[in-house]
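Biologist: Got a minute to walk me through a structure? I'd like to get the big picture, then zoom in.

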Amino acid sequence: MISAWDSLHSATLELVRSTPIKQRLIRVHRRYLSTLAIEQLPSEVRAAFAQMMRAFTDVLPLRGEDAVVASVRKMSAQQADECAALIVEIFGVLSRIEWAQRQTAPVVQLRSVELPEEEFAVPALIASN
């Protein structure tokens, strides 16, 4: 299973492409956000994530389209920008939390730092013609 951090990282990278913002949002939802369970997220971002996911599905679709396409189609340019910014903000919070966890995690040394001299020995090369 892909982690929440990986999903949001990929979503953020998708958002910086040159295609129109609404196309990027639809692709981000389909590829990275639709499979992300809210339980995978820290409590600090769950409400914002739930609000964003509702925005992706709050419009009744026309025949031949799904709720995500209909909802993004109905968004104003400002709403689409705000939705994209929220994705980046959530990713930023996750990154800060993950960084903080790494700082407090104990360091486990698996091997001695001091290596015997023979580990660095290089056999002499013999030149022959």
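Modeller: Sure, let's start with the overall fold and then move to one helix and one residue in it. Keep in mind that this is a predicted model.

Biologist: Okay, how many helices and strands are there?

Modeller: The protein has 5 helices and 0 strands. Along the sequence the pattern reads α-α-α-α-α.

Biologist: And how much of it is buried?

Modeller: Of its 129 residues, 29% count as buried. The protein exposes about 9400 Å², and carbon and sulfur atoms supply 57% of that.

Biologist: What about contacts between residues far apart in the sequence?

Modeller: If you take the contacts with a separation of 6 or more, 60% of them join residues 24 or more positions apart.

Biologist: Let's zoom in on α5. How far does it reach?

Modeller: Helix α5 covers residues 77-104, which is 28 residues. From its first C-alpha to its last it reaches 41 Å, close to the 40 Å expected at 1.5 Å a residue.

Biologist: Which of its residues are buried?

Modeller: The buried ones in α5 are A80, C83, A84, I87, I90, F91, G92 and L94.

Biologist: Is there some rule about spacing in a helix that I should know here, and what is it?

Modeller: An α-helix has 3.6 residues a turn, so residues three or four places apart point the same way.

Biologist: Nice. What do the buried residues of α5 pack against?

Modeller: They pack against three stretches: α1 (4-15), α2 (21-33) and α3 (43-55).

Biologist: Take α2 then. At what angle does it pack with α5?

Modeller: The angle between α2 and α5 is about 40°, and their axes are 10 Å apart. The crossing of α2 past α5 is left-handed.

Biologist: Which residues meet there?

Modeller: On the α2 side you have I21, K22, L25, V28 and L33, and they meet A80, D81, C83, A84 and I87 in α5. That contact divides into 8 nonpolar residues, no polar ones and 2 charged.

Biologist: C83 keeps popping up. Buried or exposed?

Modeller: C83, which lies in helix α5, counts as buried because its relative accessible area is 7%, under the 20% cut-off.

Biologist: So what does C83 touch?

Modeller: Leaving out residues up to four places away in sequence, C83 touches L25, M52, F56 and M75.

Biologist: And how far is C83 from M53?

Modeller: Their C-alpha atoms are separated by 9.5 Å, while C83 and M53 are 30 residues apart along the chain.

Note on methods: Residues numbered from 1 in each chain as written. Predicted model: local features only at pLDDT ≥ 70, side-chain atom pairs only at ≥ 80, totals over all residues. Heavy atoms only, no water. Helix = DSSP H or I, 4+ residues; strand = E, 2+ residues; numbered from the N terminus. Buried < 20%, exposed > 50% of the residue type's maximum accessible area, 1.4 Å probe, protein only. Contact = heavy atoms within 4.5 Å. Areas by Shrake-Rupley, 256 points an atom, 1.4 Å probe, with all protein chains shown as cover. Expected span 1.5 Å × (residues − 1). Axes fitted to C-alpha atoms, helices over the stretch in contact; angles between N-to-C directions. Left-handed = near helix turned anticlockwise from the far one by under 90°. Nonpolar A, V, L, I, M, F, W, Y, C, P; charged D, E, K, R; others polar.
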